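Trainee: I would like to go through this structure slowly, asking at each step how a label is earned. Could we take the terms one by one?

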Amino acid sequence: MNKLSVQEVPDPELRNDQDMIVRLVAGTTCGSDLHLIGGYIPAMRAGDVIGHEFIGEVVETGPGVRRHKAGDRVVVCSFVGCGRCWYCANDLWSLCDNTNTNPGIGQALFGYESAGIFGYSHAMGGLRGSHAEYVRVPFADYGAFPVPEAVDDISALFASDSVPTGWMGADLAGVKPGDTVAVWGCGAVGQMAARAAILLGAERVISIDRIPERLAMTERYVGSETIDYTTTDVAAELRERTGGRGPDVCIEAVGMEAHSTGPLHLYDQAKQQLRLQTDRPTAVREAIHACRKAGTVFILGVFAGAVDTFPLGAVINKGLTVRGAQQHGQRYIPMLLERMAAGELSTAHLATHTMPLTDAVRGYDLFKQKKDGCVRAVFTNGAPSAR
C-alpha cells in the first residue's frame with residue numbers, strides 16, 4: 001500500500017487470436033488509480049502494473065484481428081469488451097460478461113462481476129496495466145480506435161477514459177437543452193462532464209471544487225461557471241443561482257475519497273481509515289441534497305463497496321432518479337474523436353505535467369498531492385526497444 005516503483009517486467013505476448021500488442025505512446029494518471037495505491041480497492045498484488053488510460057502504436061496483431069494493423073495509432077478504451085455478449089450488444093460495455101477472468105470477486109462485492117479493465121486489480125480481471133512500454137490489448141477490434149490525423153497524441157490520450165466517462169455522465173443523466181447542471185469535481189472527468197453538458201445544450205453548467213487552478217482551468221477551457229466549496233454553502237449557492245429550485249441534473253465526479261469542509265467529512269474519513277466503510281460519499285450526499293425535486297443525480301466517481309449515512313430518504317421524498325456506471329467507452333470514443341478533430345472538445349490542457357514513463361513515481365506524487373497545479377501527469381514512452 002502506498003508503494004510505487006518502476007521495474008523491468010517481461011514483454012507481453014499474444015495469448016488469443018483477437019489480441020494485439022500496442023507500444024505505449026502516452027499514458028496518464030487517473031484519480032481512480034489513487035484508490036488502488038491507497039489500498040481501498042481489493043485484490044491488488046505486489047508487482048501489479050497499473051494504468052488504464054493510454055494511446056499507442058500497434059506493433060503486432062493476432063490472426064483474428066481485422067480492424068487494425070502494425071503501425072496504426074490507436075486510443076484504447078480502459079474497459080475491455082468482448083463485442084458478443086448481451087451487454088456489449090446493448091452498448092453496456094463496462095458490464096461485459098466475458099472479459100473479467102476473476103468473476104467471483106465482483107460477484108461477492110457487487111452481486112455481479114464487471115468487465116475487465118486494464119491495471120485495476122484482480123477483482124477487475126487482473127489485466128496488466130498500461131504504464132509499461134508494451135500493452136496486450138484483448139478483443140482489439142472492439143476496444144481500440146484509430147486516431148484521426150487532426151488529433152494530436154496528448155489530446156487523443158484522454159479519449160481513452162476521461163472524456164467518454166464525463167460524456168457518459170451527462171448523456172445517461174439525460175441532460176437536455178435548457179437544463180441547469182451542477183458537477184462536483186474539476187478534475188479531468190468533471191471537466192469533461194461539464195463540457196459534455198454544455199455541448200448537449202445545457203443552459204447553465206456550474207462546477208464545484210476547492211483547488212484554485214482547477215477552478216480557473218474549468219472556467220477557461222470548459223466554459224463552466226464555478227463554485228469554490230471552501231468559501232460558501234454549496235447547496236445555498238446553487239439555490240441562489242437557480243431561482244430557489246436547484247439544478248435539474250447533478251453529476252458527482254469525485255469518488256470514494258471525497259473531501260469536504262464539514263464535520264461529516266471527518267466522520268467519513270475516520271470510518272474509512274478504520275475500514276468500517278469502504279468509501280467517503282461526501283459529494284454524493286451533497287449532490288442528492290442539492291438536486292431539485294424530481295431531478296437526476298448521476299454518480300461518475302469510483303466507489304468500491306459500502307457507505308454510511310446515505311440519504312435514501314431524500315432520494316425517495318424528492319422523487320430523484322439516481323444512476324451510476326463505469327464508462328461504456330466503446331459507445332462514445334469514435335464520436336468523441338470526431339468532435340476533437342472538429343475542435344469542439346479541448347483536452348490537451350489536462351496534461352499539466354508530461355514526463356518519461358521512468359519518472360512515473362514522481363508523476364504520481366505530483367498528482368496525488370496536487371503539487372504545482374497538477375491535474376494530470378502524462379507519461380511518454382522513449383524510442384522503441386527491441387522485441
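Trainee: Where does aspartate 91 lie?

Mentor: In this predicted model, aspartate 91 is placed in the loop between α2 (86-89) and α3 (103-110). Its phi is near 60°, a positive value in a residue other than glycine. Most residues other than glycine have a negative phi.

Trainee: Why is aspartate 91 called partly exposed?

Mentor: The relative accessible area of aspartate 91 is 30%, and buried would need a value under 20% while exposed would need one over 50%, so aspartate 91 falls in between and counts as partly exposed.

Trainee: What makes the contact of aspartate 91 with arginine 331 a salt bridge?

Mentor: The closest N and O atoms of the two residues are 4.0 Å apart, and the cut-off for a side-chain nitrogen of Arg and a carboxyl oxygen of Asp is within 4 Å, so the pair is listed as a salt bridge. Arginine 331 belongs to helix α13 (residues 329-341), so the pair ties together parts that are 240 residues apart in sequence.

Trainee: How do you know that serine 121 is buried?

Mentor: Serine 121, which sits in the loop between β5 and β6, has a relative accessible area of 3%, and since buried means under 20%, the label follows. Phi of serine 121 is near 75°, again a positive value in a residue other than glycine.

Trainee: Why is the pair of phenylalanine 54 and phenylalanine 118 called edge-to-face?

Mentor: The structure holds 4 aromatic pairs, and in this one the ring centres are 5.4 Å apart with the planes at 85°; centres must lie within 6.5 Å for rings to pair, and planes over 60 degrees apart count as edge-to-face, so the name fits. Phenylalanine 54 is in strand β2 (residues 54-61) and phenylalanine 118 in the loop between β5 (116-117) and β6 (134-137), 64 residues apart, and both are buried.

Trainee: What makes the pair of tyrosine 364 and phenylalanine 379 tilted?

Mentor: Here the distance is 5.8 Å centre to centre and the angle between the planes is 45°, which is neither under 30 degrees, as stacked would need, nor over 60, so the pair is tilted. Tyrosine 364 lies in helix α14 (residues 360-369) and phenylalanine 379 in strand β15 (residues 376-380), so parts that are 15 residues apart in sequence are tied together.

Trainee: How do you know that aspartate 248 makes polar contacts with arginine 245 and arginine 292?

Mentor: The side chain of aspartate 248 meets that of arginine 245 at 3.2 Å and that of arginine 292 at 2.6 Å, and a polar contact asks for N or O atoms within 3.5 Å. Aspartate 248, found in the loop between α9 (234-241) and β11 (249-252), is itself buried, at 6% relative accessibility.

Trainee: Why is glutamate 240 counted as exposed?

Mentor: Glutamate 240, in helix α9, has 64% relative accessibility, and the label begins over 50%, so glutamate 240 counts as exposed.

Trainee: What makes aspartate 153 and arginine 73 a salt bridge?

Mentor: Their closest N and O atoms are 2.7 Å apart, which is within 4 Å, and the bridge is one of 14 in the structure. Aspartate 153 lies in helix α5 (residues 153-157) and arginine 73 in strand β3 (residues 73-76), so the pair ties together parts that are 80 residues apart in sequence.

Conventions: Residues are numbered from 1 along each chain as its sequence is written. This is a predicted model: local features need pLDDT of at least 70, side-chain atom pairs count only at pLDDT 80 or more; totals for chains, interfaces and linings use all residues. Side-chain values use heavy atoms; hydrogens and water are left out. Rings of Phe, Tyr and Trp (its six-membered ring) pair if their centres lie within 6.5 Å; planes under 30 degrees apart count as stacked, over 60 as edge-to-face and the rest as tilted. Helices (H or I, at least four residues) and strands (E, at least two) are DSSP runs, numbered from the N terminus. Buried means under 20% relative accessible area, exposed over 50%, partly exposed in between (1.4 Å probe, protein chains only). A polar contact is a pair of N or O atoms within 3.5 Å; within protein, one must be able to donate a hydrogen and the other to accept it, and residues adjacent in sequence count only if both atoms are side-chain atoms.
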